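Trainee: I have a protein structure open and would like to learn how to read it. Could we go through it together?

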Amino acid sequence: MVSPIATPFGFASTAAEVAAGVDLPGRRAVVTGASSGIGVETARALAATGAEVVLAVRDVAAGERTVKDIAATTGNRALHVLPLDLADPASVAAFASSWDGPLHVLVNNAGVMASPEGRTRQGWELQFATNHLGHFGLAAGLHTALAADGSARIVVVSSSGHQASPVVFDDLHFSFRPYDPWAAYGQSKTANVLFAVEATRRWGPDGITANALMPGAVYTNLQRHTGGRGSGRVPPELIKSVEQGAATSVLLAVSPLLDGVGRRYFVDCNETEVVDRRSGGLHGVARYALDAANAERVWTVSEDLLAAAG
């Protein structure tokens, strides 16, 4: 049996604490959704290591303001902003095709949560399209750049919300089921974990590893569709600051403890347990979210959807 990854960090650790002592000059990182919330603090902690950091954002003006703030706090001027709309395959393809040279860290951070029913131009359910398909297409488009490093990492921000739904392959886009914003969110977050599983299997020979995580309950713009308080069921003592919320992402991006490690799911900077029923808390990863057959199937379905989109 493979031992779970345990680290000296935990619930209250911050991104800066996790990255302390790590030096990554000459390394390049992309953080999606890095103009707000935990994305900002993820990018800030990566910049503090000396890495070159690209903020991939929909709102370029907000991204430019964030870059100025990060540069002022870290002294790192190797910061860039590039436009990226994850719900638009053309935008994703343009981002990937414009990339030149190796990429060492890809943080799939951006997302939407419990949004009203919506569809992309292709007819895809909006949360699945944004949270999963957009990031899937981005990683696939950047595969050559990631493989050029020989030890690249993909960090996938999922959620304990994945326990609300497996990937329902027969009705991905709620064409038959009544739309439920939390079920749609859960399905997309399960797909995130499955992507990490299959990306490591397929791309491991290229030195690419991928891990998924639950950042914790953090009040950010992600909650704009839920009155600013997410599900409303998280006890106050379990709410994290944005600096704490970014810690697990940064751990998976930079910690030597994760060298060569993939296909795992982390909470509070440590690998969490596999569960066979809804845990009712923020820990635990559903067994179906780590299932190799599910992972291969969601990969194939995603490839087919993107190919059909042109």
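Trainee: Let me begin with one residue. Does Ser159 count as buried or exposed?

Mentor: Happy to help, and please keep in mind that this is a predicted model. To judge burial, we look at relative accessible area, and a residue under 20% counts as buried. Ser159 has a relative accessibility of 7%, so it counts as buried.

Trainee: Where does Ser159 lie, and which residues does it touch?

Mentor: Ser159 is in the loop that runs between β5 (153-157) and α7 (181-203). Setting aside residues up to four places away in sequence, Ser159 touches Tyr185, Lys189, Leu213, Met214 and Tyr265.

Trainee: What about a strand residue, such as Val156 in β5? Is Val156 buried or exposed?

Mentor: Val156 has a relative accessible area of 2%, so it is buried. Not counting residues up to four places away in sequence, its contacts are Asn108, Asn192, Phe195, Ala196, Asn211, Ala212 and Leu213. You can also compare sequence with space: Val156 and Thr200 are 44 residues apart along the chain, and their C-alpha atoms are 12 Å apart.

Trainee: Let's turn to helices. Which helix has a kink, and where is the kink centred?

Mentor: Look at helix α5, which covers residues 126-141. Its kink is about 30° and is centred on Leu133. At the start of α5, a side-chain oxygen of Glu125 comes to within 2.9 Å of the backbone nitrogen of Gln127.

Trainee: Why can we say that α5 is largely enclosed by the rest of the structure?

Mentor: Here we count burial along the helix. Of the 16 residues of α5, 13 are buried, so the helix is largely enclosed by the rest of the structure.

Trainee: Can we try one residue inside another helix? Where is Thr66 placed, and what does its side chain reach?

Mentor: Thr66 belongs to helix α3 (residues 60-74). A polar atom of the Thr66 side chain lies 2.9 Å from the backbone oxygen of Ala62. With a relative accessible area of 8%, Thr66 is buried. Leaving aside neighbours within four places in sequence, Thr66 is in contact with Ala34, Ser35, Val40 and Leu55.

Trainee: Now for backbone angles. What is notable about phi of Arg263 and phi of Cys269?

Mentor: The general idea is that most residues other than glycine have a negative phi. Arg263 has a phi near 70°, which is positive in a residue other than glycine. Cys269 likewise has a positive phi, near 70°.

Trainee: Where is each of them placed, Arg263 and Cys269?

Mentor: Both are in loops. Arg263 is in the loop between α9 (247-254) and β9 (265-267), and Cys269 is in the loop between β9 and β10 (270-271). As for burial, Arg263 counts as partly exposed at 36% relative accessibility, whereas Cys269 is buried at 1%.

Trainee: How do I read a pocket? What is the volume of the second largest pocket, and which residues lie nearest its centre?

Mentor: A pocket can be described by its volume and its lining. The second largest pocket has a volume of about 360 Å³. Its lining has 14 residues, and those nearest the centre are Val2, Glu271, Thr272, Val274 and Leu290. By type, the lining divides into 7 nonpolar, 2 polar and 5 charged residues.

Trainee: Let me pick Glu271 from that list. Which polar contacts does its side chain make?

Mentor: Glu271 sits in strand β10. Its side chain reaches the backbone nitrogen of Ile5 at 2.8 Å. The Glu271 side chain also makes a polar contact with the side chain of Arg264, at 2.8 Å. Glu271 is partly exposed, with a relative accessible area of 23%.

Trainee: And Thr272: which backbone nitrogen does its side chain reach?

Mentor: The side chain of Thr272 reaches the backbone nitrogen of Gly284 at 2.9 Å. Thr272 lies in the loop between β10 and β11 (274-275), and with a relative accessible area of 8% it is buried. Apart from neighbours within four places in sequence, Thr272 is in contact with residues including Tyr265, Phe266 and His283.

Conventions:
Residues are numbered from 1 along each chain as its sequence is written. This is a predicted model: local features need pLDDT of at least 70, side-chain atom pairs count only at pLDDT 80 or more; totals for chains, interfaces and linings use all residues. Side-chain values use heavy atoms; hydrogens and water are left out. The bend at a residue is the angle between axes fitted to the seven residues ending there and the seven starting there. Helices (H or I, at least four residues) and strands (E, at least two) are DSSP runs, numbered from the N terminus. Buried means under 20% relative accessible area, exposed over 50%, partly exposed in between (1.4 Å probe, protein chains only). A polar contact is a pair of N or O atoms within 3.5 Å; within protein, one must be able to donate a hydrogen and the other to accept it, and residues adjacent in sequence count only if both atoms are side-chain atoms. Contact means heavy atoms within 4.5 Å. On a 1 Å grid over the protein atoms alone, a cavity is a set of points where a 1.4 Å probe fits but cannot get out, and a pocket is an open set with protein on both sides within 12 Å along at least five of seven lines; lining residues have an atom within 4 Å of a point. Grid points are joined across faces, edges and corners, and a volume is the space filled by probe spheres set on the points. Ala, Val, Leu, Ile, Met, Phe, Trp, Tyr, Cys and Pro count as nonpolar, Asp, Glu, Lys and Arg as charged, and the others, Gly among them, as polar.
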